[in-house]
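Trainee: Could you take one part of this chain and look at it closely? I would like one connected answer that also places that part in the whole.

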Amino acid sequence: MNILLEKIRTRFDGYGMKLRTVHISHIPELKDEILHMHKSGMFDEKFFKENLDWINSNPKYSIPDPKTVIIAASPQVMTKTYFDYSGKTFEITIPPTYVYKNMLHISEKLLKETISALGFSVEKVSVPLKALAVRSGLGRYGRNNICYVPGMGSFMRLDAFYTDWECDADDWQEPADMKECEECGACMENCFTGAIKPDRFLIHGEYCLTNMNENKGDFPEWVDKSWHNSLVGCMACQLCCRANKDSIKIEKGPHFDEQETELILKGTPEHKLPENLKAKLEELCAGDYYSMLDRNLKVLLEKDA
């Protein structure tokens, strides 16, 4: 094994993180696979435009001649947040993946301390993360189309980095699904919206509750308020999954008082929020979905009022 790669993996292992490396030439292959599925009619057109249309353009990066892609998985937890509203305190979940800054900072720091220290460049990039993780052998697809990494389950976050360091190890391989899914239909039974169907492995993303609350617009009339379970995303298919039985971890997050909750519900622009409220939202990485936060929070408060 390449000495530098062994050093990087050892450093990542110290934080419970895992990584794989693939040659940069495989990125167009990932893009072509997804675009082929689109042309074959496997994606709802609105869903594709909202979530995958960016794949039509190449990943944006500044490294002149990238040679290797590093795909990293970091262990994540569910975060419990607390909102005071109408004299009550509501406990609201944020799924793993969304609260990520600490682990992202660590992965970037470790790569800079190892790769950049030798004169190479490292840059975080946007690529099809789940597909890359499965193609590299880092993870496997679940029946719910979520990527699962051994030892972490779906309680993890994926990040990809380009580097001009040419790594000898190319982990590219055929995609694999989890064996646990072969005789299990828990995710199909527990999906509120019926997005997971028995007739095909690719879920109907347009019906996925996560897709709905990650994008702007009103929720469809057929979506029952009682189905909403997270400030963003959805935990229905992850909490029932047997592959997650040893991976579920929960941490307490910020507590928002009545005034702060009202400011969020009013859709107050981020730059007009009090500094202490900004800090709480930054802790939750809520800037990624702040434009949907008032809508999502409102429906969660209303259903439990």
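Mentor: Start with Lys39. Lys39 is exposed, because its relative accessible area is 76% and the cut-off for exposed is over 50%. This lysine belongs to helix H2, which covers residues 27-39. Its C-alpha lies 49 Å from that of Gln259, and 220 residues separate the two along the chain. Keep in mind that this is a predicted model.

Gln259 leads to the part I want to examine. The number 259 falls within helix H9 (258-265), and H9 is among the elements that cover the buried residues of helix H11. So which residues make up H11, and how far does the helix reach? H11 runs over residues 290-304 and has 15 residues. From first C-alpha to last, H11 reaches 22 Å. The expected figure at 1.5 Å a residue is 21 Å, so the two values are close.

Now look at what H11 hides. Tyr290, Met292 and Leu293 are buried. Arg295, Asn296 and Leu297 are buried too. Further along the helix, Val299, Leu300 and Leu301 are also buried. What covers these residues? The cover includes two strands, E3 (78-85) and E4 (88-94). It also includes the helices H7 (209-214), H9 (258-265) and H10 (275-283).

Next, the loop between H10 and H11. Cys285 lies in this loop. Its phi is near 55°, a positive value in a residue other than glycine. Most residues other than glycine have a negative phi. Is Cys285 buried or exposed? Cys285 is buried, because its relative accessible area is 4%, and buried means under 20%. Ala286 sits in the loop between H10 and H11 as well. Ala286 counts as buried, because its relative accessibility is 1%. Ala286 and Val99 are 187 residues apart in sequence. In space, their C-alpha atoms are 8.1 Å apart.

Compare the loop between E3 and E4, two strands that help cover H11. Ser86 lies in that loop. Ser86 also has a positive phi, near 50°, and is a residue other than glycine. Here the exposure is another matter: Ser86 counts as exposed, because its relative accessibility is 56%.

One more loop gives a sense of distance. Ser57 lies between helix H3 (45-51) and strand E2 (68-75). Ser57 counts as partly exposed, because its relative accessibility is 41%. Ser57 and Glu275 are 218 residues apart in sequence. Their C-alpha atoms are 37 Å apart in space.

Now step back to the whole protein. There are 11 helices and nine strands. The C-alpha trace spans about 60 × 50 × 35 Å along its principal axes. The radius of gyration is 20 Å, which agrees with the value near 19 Å for a compact globule of 305 residues. Of those 305 residues, 49% count as buried. The contacts tell a long-range story: among those between residues at least 6 apart in sequence, 76% join residues at least 24 apart.

Finish at the surface and the charges. The accessible surface comes to about 15,400 Å², and 50% of it belongs to carbon and sulfur atoms. The protein has 38 positive and 47 negative charges. The mean positions of the two sets are 1 Å apart.

Terms used
Residues are numbered from 1 along each chain as its sequence is written. This is a predicted model: local features need pLDDT of at least 70, side-chain atom pairs count only at pLDDT 80 or more; totals for chains, interfaces and linings use all residues. Side-chain values use heavy atoms; hydrogens and water are left out. Helices (H or I, at least four residues) and strands (E, at least two) are DSSP runs, numbered from the N terminus. The radius of gyration is taken over C-alpha atoms; the globule rule is 2.2 Å times the number of residues to the power 0.38. Buried means under 20% relative accessible area, exposed over 50%, partly exposed in between (1.4 Å probe, protein chains only). Contact means heavy atoms within 4.5 Å. Accessible areas come from the Shrake-Rupley method with a 1.4 Å probe; for residues, only the protein chains shown count as cover. Lys and Arg count as positive and Asp and Glu as negative; His and the chain ends are not counted. The place of a charge is taken as NZ of Lys, CZ of Arg, CG of Asp or CD of Glu.
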